[in-house]
Amino acid sequence: RVIAEDGAGGALQVRLEDEALLWEGSEQQEWAFAGSSTCSACSGLAACGPPVQRRFEEFSRGMLRFDHVVGVQWTDDAASADELGGGGGDGGALEVLAWRTTRSNPNTYALWSLRLQSARREVLARWKRAIEAGVARVQPQRPRRLLVVVNPVGGKKQAVAIFRTFVAPLMESGGVEMEVLYTQHAGHARDTIAGADARTIAEWDGIVVVGGDGMLNEVVEGLAANATEPLHKPRGSRIRIGVVPAGSTDTVCYSLHGCRDATTAVLHIIAGDRLPVDVTVVESQQRVKQVLSFCAFGFYGNIISISEKFRWMGPSRYDVAGALALFKHDQYRLRIAIQTASGSGSGTRSSSTTTTTTT
């Protein structure tokens with residue numbers, strides 16, 4: 001038999017089913033959860049104390065679905081399952097790392113682990129293979145290799161720490177290989193992706209951005225400029241893009257996940273979750289720009305332009321830029337062309353154009 005241990009020393013007997021692990025105990029247990037990155041004091045980048053412990057009644061009789069499993073690892077110095085040999089008489093232990101929603105915010109995920117023990121290592125080896133096969137069966141869309149773009153100077157300049165603290169350990173637990181690109185200058189990610197050949201892009205199951213909205217837009221622009229990976233490819237054949245919040249506002253990440261939690265974002269990426277997002281194309285005489293969140297003209301556009309000079313200030317640069325733009329009291333002239341469409345479902349369309357000038 002296989003015994004599961006909780007964080008408080010309790011033990012439960014576990015059954016292995018096709019899509020879940022099931023257990024049942026005689027009394028409630030105190031389960032230890034790994035701390036999530038929702039600490040308001042340090043944003044999860046420092047050790048704020050021991051793991052959070054919460055009492056969940058359902059864990060005296062419950063289940064762990066395979067689609068909530070991050071990965072399975074040996075907890076000692078044991079060799080891999082292929083090196084265990086035929087006897088397998090010595091005992092061993094496995095750690096199943098999983099996630100669940102938090103009670104404070106259903107959009108935020110928290111990590112927890114289940115320790116499996118058995119007197120026979122060969123039994124645990126079979127369980128490890130069965131759990132990994134079950135995860136692959138219920139979530140075949142999980143990525144295996146990703147390009148991770150890290151912007152060291154974006155937002156509060158915490159992208160590198162966020163990558164090392166959250167992204168790298170969870171990707172390793174989930175069995176995801178990474179090719180990491182630390183951007184050195186503006187346009188670095190765009191130029192790298194735009195210049196990648198078809199074979200290189202085919203090796204990536206997706207591109208992950210550890211940064212803010214600006215770096216995410218840069219990656220989209222790189223894909224748009226790459227002749228081998230056009231954005232107009234049929235749905236399902238396009239390369240996926242993930243984002244881990246490390247910027248000033250992270251509006252796209254919040255729109256996708258409902259939170260700015262790094263752990264939650266990484267878990268969505270590991271699970272292979274998908275959500276279609278529209279890309280707006282803005283054309284001017286100077287350039288063509290792809291936009292994921294918003295595009296501004298006039299006062300707000302002036303704020304964004306001025307704020308680039310104060311990027312070293314972090315998010316507070318927007319306050320300074322706003323004050324400067326207000327005191328400048330610039331006037332903005334804009335000519336808007338509006339095309340209206342009318343007609344029935346017959347497929348015929350008629351249009352008219354109206355031009356206005358504003359200051």
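What covers the buried residues of helix 5? In this predicted model, the cover includes strand 10 (145-150), strand 12 (206-211), strand 13 (240-245) and strand 15, together with helix 3 (188-194) and helix 6 (251-257). Helix 5 itself runs over residues 213-225. Its 13 residues reach 18 Å from the first C-alpha to the last, close to the 18 Å expected at 1.5 Å a residue.

Helix 5 is mostly covered, with ten of its 13 residues buried. At the start of the helix, Asp213 is among the buried residues, and the others are Met215, Leu216, Asn217, Glu218, Val219, Val220, Glu221, Gly222 and Leu223. The buried set thus includes charged side chains such as Asp213, Glu218 and Glu221 as well as nonpolar ones such as Leu216 and Val219.

Strand 15, one of the elements covering helix 5, comprises residues 288-291 and contains valine 288. This valine is partly exposed, because its relative accessible area of 45% lies between the 20% and 50% limits. Valine 288 also contributes to a nonpolar surface patch of about 210 Å², which it makes with Val279 and Val281.

The cysteines remain to be considered. The count of disulfides comes to zero. Cysteine 253 has its closest cysteine sulfur in cysteine 259, 6.6 Å away; because a disulfide requires sulfur atoms within 2.5 Å, this separation is too far for a bond. Cysteine 259 is likewise in no disulfide. Both residues count as buried, cysteine 253 at 1% relative accessibility and cysteine 259 at 4%.

Notes
Residues numbered from 1 in each chain as written. Predicted model: local features only at pLDDT ≥ 70, side-chain atom pairs only at ≥ 80, totals over all residues. Heavy atoms only, no water. Patch = residues over 30% accessible without salt bridge, like charges linked within 9 Å, V, L, I, M, F, W, Y side chains within 5 Å. Areas by Shrake-Rupley, 256 points an atom, 1.4 Å probe, with all protein chains shown as cover. Salt bridge = Lys/Arg side-chain N within 4 Å of Asp/Glu carboxyl O. Helix = DSSP H or I, 4+ residues; strand = E, 2+ residues; numbered from the N terminus. Buried < 20%, exposed > 50% of the residue type's maximum accessible area, 1.4 Å probe, protein only. Expected span 1.5 Å × (residues − 1). Contact = heavy atoms within 4.5 Å.
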